[in-house]
Amino acid sequence: MRNPIRTLPDQLISQIAAGEVIERPSAVVKELLENSIDALAQTIDIRLEEGGTVRIVIADDGQGIPSAELQLALTRHATSKIFSLEDLESVMTMGFRGEALASIASVAKVSLSTRTVNDAHAFVIDNSSFEIKPSAGDVGTRIEVQDLFFNTPARRKFLKSSATEFSHCLEAIRRCALANPQVGFSVWHNGKPLYRWSAGSLEQRADDILGIEFHAAKLGLNVGSELIQLEGFIGAPTASRARADQQYIFVNHRFVKDKVINHAIRSAYQDVLHGDRQPILLLNLAIQPDLVDVNVHPSKIEVRFRDGRAVHQFVYHSIKERLSHGAGQSQPTHTAPSEFVPSPQSFTSSNSVAAPQSSFGPRVFQQAIHFPKPDNSIKESMQQLLGGINNHSLHEPLSTSQPQEMDTYPLGHAIAQIAGIYILAQNQFGLVLVDMHAAHERVLYEKLKADLDHQIAIQTLLVPVVLNVSHLEISLLSDNQSLLKDLGFDISMMGPEEICIRSIPALLNKADPGLLVRSLIHDLEDVGSSGVVDSAKHERLASKACHAAVRAHRILTLPEMNALLRQMESTDRADQCNHGRPTWIQLSVQDLDKFFLRGR
Ligand SMILES: Nc1ncnc2c1ncn2[C@@H]1O[C@H](COP(=O)(O)OP(=O)(O)OP(=O)(O)O)[C@@H](O)[C@H]1O
Ligand SMILES: [Mg+2]
């Protein structure tokens, strides 16, 4: 027996839509906060009860809603933010679907009171009577959401403990607050005030929310053009974490989870971060709105870039460049064990990239900031990579030419070696301690990489390897034949689901060709060809450099030690070894004074 086709009742349509967007209290919080931001609020007050399952009250001092539009505000497909397809394509507000309030109202008890500057008093509406009544209240909007999912028991069953729900809500609040430092926030739970973050700079907000560890180990970033710009702070490798739980990536101030950006970041950190360590990140990618589609996912957590590869290259090179400064050329961020904080800020040859103009906050694009367009920057950094490093062979002894004017060298001149592990050097600020193995490993690694960029040596396989792959994988490989050739792979198609590997890069000759090609396919799937080169090279190189590097306990002469210091200064990313540990630290004369309780 078949039922006739019928149009669904409005309430049910909203509940179905709510299923996609409102999965738990934190989603309500997110939607309400975004509405307050869109209404240009300067302060937002958030009060939750039992993790938001019992009550969520969000009050802002934004523009408010005219009473004539109040009923529409709770109606599905009603919005003040777009009115045409063109509007959608250039949308800069967080909301545009005209669905959030209606969805919330279909699964909870909602009361909304609001007042615009033109009103003598506030008005209130609730979703049981839909009647509009006068009420008390300042300019702005206050929304109260009670008993979430009271009418959808299946949903309600999925709610976790109020502590868990609260932590999800707090995460939604942190995301919004980090994207909008120009707005002040206060957060209450079960009647207790928990946080108050006053409006201020991004750096201040980062300190408030991300804490002391990030404060000490963040590198400012502000690069790009009117078309695309990357701004915020990236964590130094020395402050990495085991989990990727402190990575706040925004696209036009919208928190997103994006494969392209994530892959670019992972690749950029690959040289300085070991294995599965995760950096702390707070970054906004400002991109012209017509170059990104925000209407991909109901909760808007995903976006699609018109040119994903360009975005990948831009993010990758911007971050990589920021991470790569020769030792002593940028402010070191690692802290010596105990309380001695290295303080050679004075080295900074002022290539400081600290954000000059902030695009965090007001929804406007900033002017170009002394940074070449993405294409140039790629070329430039390639040239730097190829040109900046001399071609020493791996086993060549460290050069022993005596450098002059030691005092002007950032890492100073060597005075001794202790325990066969550390080089002691003196510079204008005091004492420099170098882990010679870690430092040499880094210098060699960068050299090897430069060599590899010149030409890839190929290893023809004695016995070609046949591999079963899917249709999709075959098409990925054949789309990227020339790239694969450049990398040193000779791969031909045998059948509809079979390929044959005839050669691989000689540097990777110890690796399993099948696994290698599978991981290549994986990379190709992830981002297209842009990120592949680096990930394929990395692993093998790192271990090779590690084994070739001077072993601990080898006695070095002073000229050899000085030669290593000079090489470190001219090597990109020499502040950390391949595993993200520091290669050197500075103890200033003041630090030494502290040892001896010597006042100055
Ligand atoms: N805090 C607020 N201050 C002022 N106006 C608001 C506020 N919250 C909602 N509105 C008004 O109500 C309308 C409906 O809000 P709702 O969140 O349902 O949709 P939206 O924000 O337009 O789109 P989306 O569904 O993508 O969030 C908004 O377009 C806006 O005009
Ligand atoms: Mg909205």
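How many strands form the open sheet, and in what order do they stand? Let's look at this predicted model together and find out. There are 8 strands, and reading across the open sheet you meet them in the order E5-E4-E3-E6-E2-E1-E7-E8, with mixed pairing. If pairing is new to you, here is the background: strands of a sheet pair through backbone hydrogen bonds, and they can do this parallel or antiparallel.

Now look at the two edges of the sheet. Strand E5 (132-135) and strand E8 (192-197) each have a single partner strand, so one side of each is left without a neighbour in the sheet. On average, neighbouring strands of this sheet are turned by 15° against each other, if you ignore direction.

Stay with E8 for a moment. Strand E7 (residues 184-189) is joined to E8 by 5 bridges, and these two strands run antiparallel. To find this pairing in the structure, look for Trp188, which stands opposite Pro193 in E8. A helix belongs in this picture too: helix H7 (residues 162-179) packs on the sheet and touches strand E1 (43-49), E7 and E8. The direction of H7 makes about 175° with that of E7.

Next, turn to a pair of helices. The axes of helix H1 (residues 10-21) and H5 come within 8 Å, crossing at roughly 105°. Angles from 65 to 115 degrees count as roughly perpendicular, which makes H1 roughly perpendicular to H5. Where do they meet? On the H1 side, the residues are Gln11, Ser14, Gln15, Ala17, Ala18 and Val21, while H5 brings Ala100, Ala102, Ser103, Ser106 and Val107. Sorted by class, this contact between H1 and H5 has 6 nonpolar, 5 polar and no charged residues.

Helix H5 also leads us to the ligand. Ligand 1 is surrounded by 22 residues, and the closest are Asn35, Ala39, Thr79, Gly95 and Ala100. Two elements give two or more residues to this shell: helix H2 (25-38) and helix H5 (100-107). The shell around ligand 1 is made up of 7 nonpolar, 10 polar and 5 charged residues.

Finally, how confident is the predictor? The pLDDT averages 80 over the chain, and 78% of the residues score at least 70. Over residues 329-357, however, pLDDT stays under 50, and the model has 51 contacts beyond four places in sequence for this stretch. Residues 548-552 are also below 50, with 13 contacts in the model beyond near neighbours in sequence. Where pLDDT is low, the predicted coordinates should not be read in detail.

How values were computed: Residues numbered from 1 in each chain as written. Chains lettered and ligands numbered in written order. Predicted model: local features only at pLDDT ≥ 70, side-chain atom pairs only at ≥ 80, totals over all residues. Near = placed C-beta within 6 Å. Helix = DSSP H or I, 4+ residues; strand = E, 2+ residues; numbered from the N terminus. Nonpolar A, V, L, I, M, F, W, Y, C, P; charged D, E, K, R; others polar. Pairing = 2+ DSSP bridges. Axes fitted to C-alpha atoms, helices over the stretch in contact; angles between N-to-C directions. Contact = placed C-beta atoms within 7 Å. Parallel < 35°, antiparallel > 145°, perpendicular 65-115°, else oblique. pLDDT = per-residue confidence, 0-100.
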